[in-house]
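Q: I have a model open beside its sequence, and I would like to learn how to read its features one by one. Could we go through it together?

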Amino acid sequence: MMAAEGRKVWMDGRIVDFADAHIHVLNHTFHYGVGVFEGIRGYSSTRGPAIFRLPEHVKRLITSARLYHMPIPYSAEEIERAILETQAANDILPSYIRPIVYRGEPSLGVKNSKGKVSLAIAAIPAKKYLGDGSEAGVRAKISPFRKPHSDAIPSFAKATGNYVSSYLAGVDAQKDGYEEAILLDQNGFVAEGSGENIFLVREEKLYTPGLESDILLGITRKSVIQIARDLGYEVVEKLISVNELLTADEAFFTGTYAEIAPIKEVSHFAIGNGMPGPITREILGVFQKVIRGDEPKYRDWLSMVPTLAARPLARARK
């Protein structure tokens, strides 16, 4: 669980105190799960405070909102600027930044496609999400809850309602003593974790589920694919059976908050020798250099955070 503690929240063009960031109890998103969001990380890099792959996150946020018929009243550039301003206003590193698009005014009825669309952005301290901090590996469980098919809930969208099955899977895993759940798709193939994508390594090749398993197209997943290929590894996107996962040489989760989290056990089956494998460690090492700004090849993945005095706050549109 992540403690939601911050200083300031950006709400429709205004920076407000964290304690004053309120919406109405009868808002549409709260009742029906029709909202979209992003999870973004802020880091302390060698060049100063930076946000990881900001344009890609904003592009996905806009795409998610479009799939849910929620026109955001800000351009991509304005949203990026607002996120940078929110990070600067909170002055927290490392940070987890949460933009959310919602309908917040009092309004009930499932088919609400005309209510006001709002945007809020918060930044909270980021702590270790999976594992004990030593990178020794995560124990995961194959969940009895399945990943919804995209015919039911579009997997391309990072929508609030999508995470009901993730919640059920994650709580079920915790109650059984595991740190994370692995959800299968509707055909019984490996899909993803409750909030992460998944990779496995077999004979020095990387495998990860593709779109046919109704996964979210993770931005950390995309980054890992590029890093692995740049290191000379073949990366294959395919249907992955449970047996392939259980007999993998290595496996790991990827996600904005989880970053790269090695998997040491799945449902009482040790993965490899039960410790993070050499390819996982190699990719993790490069990733850690990237987020510190120490890899020139990936320097454009970091958006530098200006001081608040450097530019005016974005304003809400009338």
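The dialogue below takes up confidence, backbone, cores, cavities and a pocket in turn.

Q: Before I look at any residue, what average pLDDT does the chain have, and where does pLDDT stay under 50?

A: This is a predicted model, and the chain averages a pLDDT of 93, with 94% of the residues scoring at least 70. The stretch to treat with caution is residues 309-318, over which pLDDT stays under 50; for these residues the model has 21 contacts beyond four places in sequence. Where pLDDT is low, the predicted coordinates should not be read in detail.

Q: Turning to the backbone, which residues does the cis peptide bond join?

A: The cis peptide bond joins Leu93 and Pro94, with omega at about -10°. Pro94 is found in the loop that runs between helix H3 (76-90) and strand S6 (95-102). The loop between H3 and S6 also holds Asp91, whose phi is near 55°, a positive value in a residue other than glycine.

Q: Is Asp91 buried or exposed?

A: Asp91 counts as exposed because its relative accessibility is 58%, and the cut-off for that word is over 50%. A positive phi in a residue other than glycine is also found at Glu259, where the value is near 60°, and Glu259 is placed in strand S15 (residues 259-266).

Q: How should I read the interior, and which residues have the most contacts inside the largest nonpolar core?

A: In soluble globular proteins, nonpolar side chains tend to be buried together. In this model the largest nonpolar core has 27 residues, and those with the most contacts inside it are Ile51, Ile79, Ile83, Val101 and Leu119. Two or more residues each come to this core from helix H2 (54-67), H3, S6 and strand S7 (118-125), and H3 gives the most, with five residues. Apart from this core lies another, of 24 residues, which includes Phe199, Ala228, Tyr233 and Val286.

Q: If I select Ile83, which residues is it in contact with, leaving aside neighbours within four places in sequence?

A: With those neighbours set aside, Ile83 is in contact with Ile40, Ile51, Leu54, Val58, Ile97, Pro99 and Ile121.

Q: What about enclosed space: how many cavities of 30 Å³ or more are there?

A: The count comes to two cavities of 30 Å³ or more. The largest cavity has a volume of about 40 Å³, and its lining is made up of Lys147, Pro148, Ile153, Pro154, Ser155, Asn162 and Asp214. By class, that lining divides into three nonpolar, two polar and two charged residues. The second largest cavity holds about 30 Å³ of space and is lined by Arg41, Tyr43, Phe52, His57, Thr220, Thr256 and Phe287, of which three are nonpolar, three polar and one charged.

Q: Thr256 is in that second lining; where is its place in the chain, and which residues does it touch?

A: Thr256 sits in the loop between strand S14 (250-255) and S15, and it counts as buried because its relative accessibility is 17%, against a cut-off of under 20%. Not counting residues up to four places away in sequence, Thr256 touches Gly39, Ile40, Arg41, Tyr43, His57, Tyr96 and Thr220. With Gly39 the separation in sequence is 217 residues, yet the C-alpha to C-alpha distance is 6.3 Å.

Q: Is His28 buried or exposed, and what is it in contact with?

A: His28, in helix H1 (residues 28-32), counts as buried because its relative accessibility is 1%. Leaving aside neighbours within four places in sequence, His28 is in contact with Gly33, Val34, Arg103, Glu105, Ser107, Gly109, Val110 and Asn112.

Q: Finally, what volume does the second largest pocket have, and which residues line it?

A: The volume of the second largest pocket is about 340 Å³. Its lining consists of Glu56, Lys59, Arg60, Thr63, Phe156, Leu217, Gly218, Ile219, Arg221, Lys222 and Ile225, and the elements that give two or more residues to this lining are H2 and helix H5 (219-230). Sorted by class, the pocket lining has four nonpolar, two polar and five charged residues.

Conventions
Residues are numbered from 1 along each chain as its sequence is written. This is a predicted model: local features need pLDDT of at least 70, side-chain atom pairs count only at pLDDT 80 or more; totals for chains, interfaces and linings use all residues. Side-chain values use heavy atoms; hydrogens and water are left out. pLDDT is the predictor's confidence in each residue, from 0 to 100. Contact means heavy atoms within 4.5 Å. Helices (H or I, at least four residues) and strands (E, at least two) are DSSP runs, numbered from the N terminus. Buried means under 20% relative accessible area, exposed over 50%, partly exposed in between (1.4 Å probe, protein chains only). A nonpolar core is a set of buried Ala, Val, Leu, Ile, Met, Phe, Trp, Tyr and Cys residues joined through side-chain atoms within 4.5 Å. On a 1 Å grid over the protein atoms alone, a cavity is a set of points where a 1.4 Å probe fits but cannot get out, and a pocket is an open set with protein on both sides within 12 Å along at least five of seven lines; lining residues have an atom within 4 Å of a point. Grid points are joined across faces, edges and corners, and a volume is the space filled by probe spheres set on the points. Ala, Val, Leu, Ile, Met, Phe, Trp, Tyr, Cys and Pro count as nonpolar, Asp, Glu, Lys and Arg as charged, and the others, Gly among them, as polar.
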